[in-house]
Amino acid sequence: MLLTDLPSWKKLQAHRQTWNDVRMRELFRSDPGRFGRFSIQLDDFLLDYSKNLINDETLALLRQLGEEANVPAWTDAMFSGEKINFTENRAVLHVALRNDPKRPIMVDGHDVMPGVVQVLEQMRRFAHAVREGKWRGHTGKVITDIVNIGIGGSDLGPMMVCRALKPYGNARINMHFVSNVDPNHVGDTLDDLNAESTLFIVSSKSFATLETLANAKIARRWLVERLGSDLAVSRHFVAISTNEEAVKAFGIDPENMFVFWDWVGGRYSMWSAIGLPIALYIGMDQFEEMLGGARDMDEHFRADPLSSIPGTLALLSIWYQHFWDAPSHAIFPYDIHLSRLPAYLQQLCMESNGKSTTRLGEKVNYPTGEIVWGEPGSNGQHAFFQLLHQGTRFVPTDFMLAAVTSHPFEGLHQMLVANCFAQSEALMLGKTEEEALAELKAEGANEDAIRLLLPHKTFPGNKPSNTMLYQKLTPRTLGRMIALYEHKTFVQSALWSINAFDQWGVEIGKRLSSVLIRELGEDKAVTTHDASTNGLCDHFQKLKGDKVFPPAES
Ligand code: F6P
């Protein structure tokens, strides 16, 4: 049954009507227990969701909706290795990558855990050798720079985590991430590097992604030119992939390859060998701490999916998207180390749930897939927060922050925390006309000024937010947080009756670009497309003048 046909849907529609005149500030005033009732704690990790437009009845109805959509059964199916990614005939087992190795998970009659453990051990050996200076470059130099070449799930996770866990990083090792096919990305990166002490990781689940292979070929040529021998490749290139044949064809020795499996989706893969850059940077013990954090969240989620932290956030998102007309969701980490978290979550949420066909092949008759966006605070306050406070859009938000910072400069962290709390408070409270008037009077404004300014100085408030507060951004905390969003995304997909684990939508652009790459390389008029595309090609040919593309390397 589709979401809108479930019995609780109609009840939620009726319930929504009771919210038209409700003010959150009044709910807090009348109920001193609200924070306690609408917050969940997992060790030090607290989710405060009390600043939402909900009461006990809302939550009960949303949970009932989740039951009717069979969220608990879908959860069991995922954890037990059923092929819920049915359009690709694959199990969905990122949870196996952080599972207790003693608990078997079967796919096609085989326990996947021994393979998981084996790769973790291989990662441990390699990370140790590089970090201890035992793995050296072709000329005997220790590795000081590591370049991950990959895109999407083969880039965003490791990059986001390496930034987030900088305080845990090896001081001798500089991490670089090349993803974009824009030549300036690989070019600018290589400009600053010494080939003798650089290690490249070519990271691609399919080992067929155009951007990654093109950048990897440039990097290999750069290395061989500088070190004067093809033999150097084996000390400076490793690959992470599910496709051993393609890795061999590229010229990387399978000895230098780290595998993972088709049951790990690209955007869910940072826990697999795709996380090797993380292990190289923070060490394998800390990498395993991160896995442990994800396992904590897995267990918490699995025990009671619809009352868990991820389940609650998913149900709230359903409430706002469908009953409050909120297509987007903002992510505001008050932690500069999490600056790439919004980008990471964009792929996780939007590639997973940006679908309009249900599991039964029907078109959905309701919106799916949140538009995820965000930036670290307090920067956002001086950029787009104006729209949140006084604009016409309704944007639910997530704030996240640590109680303890790794740079305890005097007073700064307290200012950051105060800013974060103040934003969620201001979004919720707003400012009434009476309050604005009292302020203007106290400032000595005359009647004309009051008439002019009063409408501009009021704030509607009643804007929902969640706050995640934890002691410190450790590998364990980060693991918990990322697993939290994975499961939130999964619960949403179950409610929307869509497959969160394929991504056919990205294929159309890939196909068209390969045609255009060839045509633009022929350096003659492009005439096979619509007038706009032909016109853009024509203008491009004129602008680039007689600078012919170098042929793409095969
Ligand atoms: O853009 C689609 C996509 O397939 C993502 O899902 C994936 O994370 C990314 O490309 C990279 O794919 P690969 O790891 O196979 O190079």
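I began with the secondary structure of this predicted model, and in the protein chain I counted 22 helices and 13 strands. I then looked up the radius of gyration, which is 26 Å for the protein chain and close to the 24 Å that the globule rule gives for 554 residues, so I noted the chain as being as compact as a globular protein of that length. For the outer dimensions I took the box along the principal axes, and the C-alpha atoms of the protein chain fill roughly 80 × 60 × 55 Å.

Next I turned to burial and surface. I found that buried residues make up 53% of the 554 residues in the protein chain, while the chain exposes about 24,800 Å², of which carbon and sulfur atoms supply 53%. I also checked how contacts are spread along the sequence: of those between residues at least 6 apart, 75% join residues at least 24 apart. For the charges, I looked up the mean positions of the 55 positive and 67 negative ones in the protein chain, and these lie 1 Å apart.

My last entry concerns a single residue, Ser39, which I located in strand E1, a strand covering residues 39–42. Is Ser39 buried or exposed? I recorded a relative accessible area of 17% for Ser39, and because buried means under 20%, I entered Ser39 as buried. I followed the side chain of Ser39 to the backbone oxygen of Phe35, which it reaches at 2.7 Å. Setting aside the neighbours of Ser39 within four places in sequence, I listed Leu46, Leu47, Asp48 and Tyr49 as the residues in contact with Ser39.

Methods
Residues numbered from 1 in each chain as written. Predicted model: local features only at pLDDT ≥ 70, side-chain atom pairs only at ≥ 80, totals over all residues. Heavy atoms only, no water. Helix = DSSP H or I, 4+ residues; strand = E, 2+ residues; numbered from the N terminus. Rg over C-alpha atoms; globule rule 2.2 N^0.38 Å. Buried < 20%, exposed > 50% of the residue type's maximum accessible area, 1.4 Å probe, protein only. Contact = heavy atoms within 4.5 Å. Areas by Shrake-Rupley, 256 points an atom, 1.4 Å probe, with all protein chains shown as cover. Lys, Arg positive; Asp, Glu negative; His and termini not counted. Charge placed at Lys NZ, Arg CZ, Asp CG, Glu CD. Polar contact = N/O pair within 3.5 Å; in protein donor to acceptor, adjacent residues only side chain to side chain.
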